[in-house]
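Me: Please take a close look at the disulfide bonding here. I want the partners, the geometry and the surroundings in one answer.

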Amino acid sequence: ISEKEMPGTRCENESWFINQIQEQIQTKFDVNNRTFEFAFLDSFSQSSDNLQDPIQQKFWKRESDKLWSFLTSNGKSMAFKSVDDILQENQRFKREISRLTGILNQNITKLTQDMETIKSNSYNIKTNSPVVGLCGFKRKMTGTGPVTYDSHSGLSTDGSTISHSTGKYSVITEGLYTITWSARTRGFTQIYLRKDGEQDYDTIFISNTEHEVSRGSLLNDMGSRTVIYCLKQDQEINLHVNSLKAIEGMQFCISLQSEVSVRISMLCTRL
C-alpha cells in the first residue's frame with residue numbers, strides 16, 4: 001500500500017485514511033473494540049486507457065478480491081435493488097405520505113374546531129356566570145334590631161335579593177362574597193353582621209359620639225366595615241343593631257366575587 005503514496009503535503013496514504021475513518025466511527029458512533037475491513041477500488045483503473053496498465057490492474061484485482069472475500073465469507077448475500085424496485089418503493093412512499101398528509105390535515109382541522117369550541121365554552125362560562133351586586137339603603141333608623149331597608153339597587157342574575165321587610169339576603173349561588181356596610185351614626189352605636197341568625201362578633205362596627213352629644217353638639221360619625229364570606233346556598237345574612245341613638249344613610253352591599261369551584265368549596269367547608 002505504501003507504494004501508492006503520492007507526493008505533496010496534503011496527500012496521505014491508505015493507512016492514514018483507515019486510521020482516520022476508524023477513529024471517527026468510534027468517536028461519533030460510540031463503536032469501541034471493533035476493527036473494520038477496508039478495500040480501496042479505483043474505478044478509473046477499469047477505463048479503456050488504463051486496462052493495459054499492470055500496476056493499476058494489480059491493485060484493482062487485489063482490492064476487489066478483498067471485497068469479494070469479505071462479502072462471501074460471512075455467509076450472507078448482498079441484496080441490491082433494481083431501478084424498478086426503487087421506483088415502486090418511491091410510489092409506495094408517495095402513497096404513504098399522501099395518506100399521512102390527509103390524516104394530518106384532518107387532525108389540524110379537528111384541533112382548530114376543538115380550539116374554537118374551547119373558546120366558545122370559555123366565553124359562555126364567563127358570560128353565563130351569575131352576577132350579584134346588590135345594595136340595600138335605609139334612610140333613617142332610631143331603634144335596635146334587624147336593619148330593614150327602604151330600597152335597594154344593583155343587579156342579581158341568579159334571582160337573589162335583599163328583603164326590604166326582613167333585611168336578609170338569601171344566598172342562591174354558592175361562592176366567595178364581599179360584604180360592606182356603612183352609615184352616618186350619632187351617639188353610641190353597635191352593628192353586627194349575622195349569618196343564619198347567629199351574630200358574628202368579628203364583624204362588630206362601633207361608633208361613639210356620646211361625649212359630644214352630652215355637651216349639646218349634634219356630632220355625626222361615619223364609618224364602614226368590609227368582610228369576605230364563603231356563603232353556601234340558602235344561607236342568610238343581615239345586619240343587626242344592638243345599640244344606637246340614630247343611624248342615617250345606612251347602606252348594605254353584597255357582591256359575588258367568585259362562583260363556587262373545587263378550591264373555593266374546600267375553603268368554604270373549612271370555614
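Reply: What follows covers the disulfide, then turns briefly to a surface patch. This is a predicted model, where local features need pLDDT of at least 70, side-chain atom pairs count only at pLDDT 80 or more, and totals for chains, interfaces and linings use all residues. Residues are numbered from 1 along each chain as its sequence is written, and side-chain values use heavy atoms, with hydrogens and water left out.

A disulfide is taken as a pair of cysteine sulfur atoms within 2.5 Å. By that rule the count is one disulfide. The partners are C135 and C253, with S to S at 2.0 Å. The angle about the S-S bond is 115°, and the link of C135 and C253 is right-handed. This pair ties together distant parts of the chain, 118 residues apart. C135 lies in strand β1 (residues 132-141), and C253 lies in strand β10 (residues 246-259). Strands here are DSSP runs (E, at least two residues), and helices are runs of H or I with at least four, numbered from the N terminus.

Now burial. Buried means under 20% relative accessible area, exposed means over 50%, and partly exposed lies in between (1.4 Å probe, protein chains only). C135 counts as buried at 19% relative accessibility. C253 is also buried, at 17%. Another cysteine, C230, is buried with a relative accessible area of 9%.

The surface gives a counterpoint. F70, in helix α2 (residues 54-73), is partly exposed at 43% relative accessible area.
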